[in-house]
Amino acid sequence: MLNVLSLNNMLESLVPITRFNRGEANKIFDEVRESGCKVVVKNNVPTCVLLTPELYKMLIDMIEDQNLFELAEERLKQDSGIVYTEEEVYRELGIQPDGNDEIPMEYGVDFE
């Protein structure tokens, strides 16, 4: 789906604002569903980008992944070299190793 964003497809993705003014919004939205992306231009200047929800989510996920990667790299640079065993982590968090305890909410992870 990233090929939607290639320079070759950009010219095909341009939509003059006058098409909206002529009542072609539904047709433009159908084109977005087909192509994934359209760039709306006004006076030959890009004013907004229309994306499918799937492409939008993919781009947001990519940004979040990049942010997490940069955070991990920064943490690795600041690594103190201290290593904790599984038992030490369980004890610190008050979790029994049998896995039947719930993880306290402040340590919880959202698994979507």
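In which loop is Asn44 found? In this predicted model, Asn44 lies in the loop between β2 and β3. The description below begins with the overall architecture and returns to this loop after the strands have been introduced.

The protein contains five helices and three strands, which follow one another along the sequence in the pattern α-β-α-α-β-β-α-α. Of its 112 residues, 15% are buried. The computed accessible surface amounts to about 9,500 Å², and carbon and sulfur atoms contribute 55% of this area. Among contacts with a sequence separation of 6 or more, 38% are between residues 24 or more positions apart.

The strands are connected through β2. Strand β1, spanning residues 14-16, runs parallel to β2 and is joined to it by three bridges. Within this pairing, Val15 has Val40 as its bridge partner in β2. On the other pairing, strand β2 (residues 37-42) and strand β3 (residues 45-51) are antiparallel, with six bridges between them. Val39 is matched with Val49 of β3, while Lys42 stands opposite Val45, also in β3. Strand β2 is largely enclosed by the rest of the structure, because five of its six residues are buried.

The antiparallel pair β2 and β3 forms a hairpin in which two residues separate the strands. Asn43 is located in the loop between β2 and β3, as is Asn44. Asn43 has a phi near 55 degrees, which is positive although the residue is not glycine. Asn44 likewise has a positive phi, near 65 degrees, and is not glycine. Most residues other than glycine have a negative phi. With regard to solvent accessibility, Asn43 has a relative value of 68% and therefore counts as exposed, the threshold being over 50%. For Asn44, the relative accessible area is 75%, so this residue is also exposed under that threshold.

The largest nonpolar core consists of five residues, namely Val15, Ile28, Val32, Val40 and Leu50. Two of these core members, Val15 and Val40, are also bridge partners across the parallel pairing of β1 and β2. For Leu50, the contacts beyond four places in sequence include the core residues Ile28, Val32 and Val40. Leu50 additionally touches Phe20, Phe29, Gly36, Cys37 and Lys38.

A separate feature is found on the surface, where Ile82, Tyr84 and Val89 make a nonpolar patch of about 320 Å². One of its members, Val89, belongs to helix α5, which covers residues 86-93. The relative accessible area of Val89 is 38%, so the residue is classed as partly exposed, lying between the limits of 20% for buried and 50% for exposed. Patch membership requires over 30% relative accessible area, a condition that Val89 meets at 38%.

Key. Residues numbered from 1 in each chain as written. Predicted model: local features only at pLDDT ≥ 70, side-chain atom pairs only at ≥ 80, totals over all residues. Heavy atoms only, no water. Patch = residues over 30% accessible without salt bridge, like charges linked within 9 Å, V, L, I, M, F, W, Y side chains within 5 Å. Areas by Shrake-Rupley, 256 points an atom, 1.4 Å probe, with all protein chains shown as cover. Salt bridge = Lys/Arg side-chain N within 4 Å of Asp/Glu carboxyl O. Helix = DSSP H or I, 4+ residues; strand = E, 2+ residues; numbered from the N terminus. Buried < 20%, exposed > 50% of the residue type's maximum accessible area, 1.4 Å probe, protein only. Pairing = 2+ DSSP bridges. Core = buried A, V, L, I, M, F, W, Y, C linked by side-chain atoms within 4.5 Å. Contact = heavy atoms within 4.5 Å.
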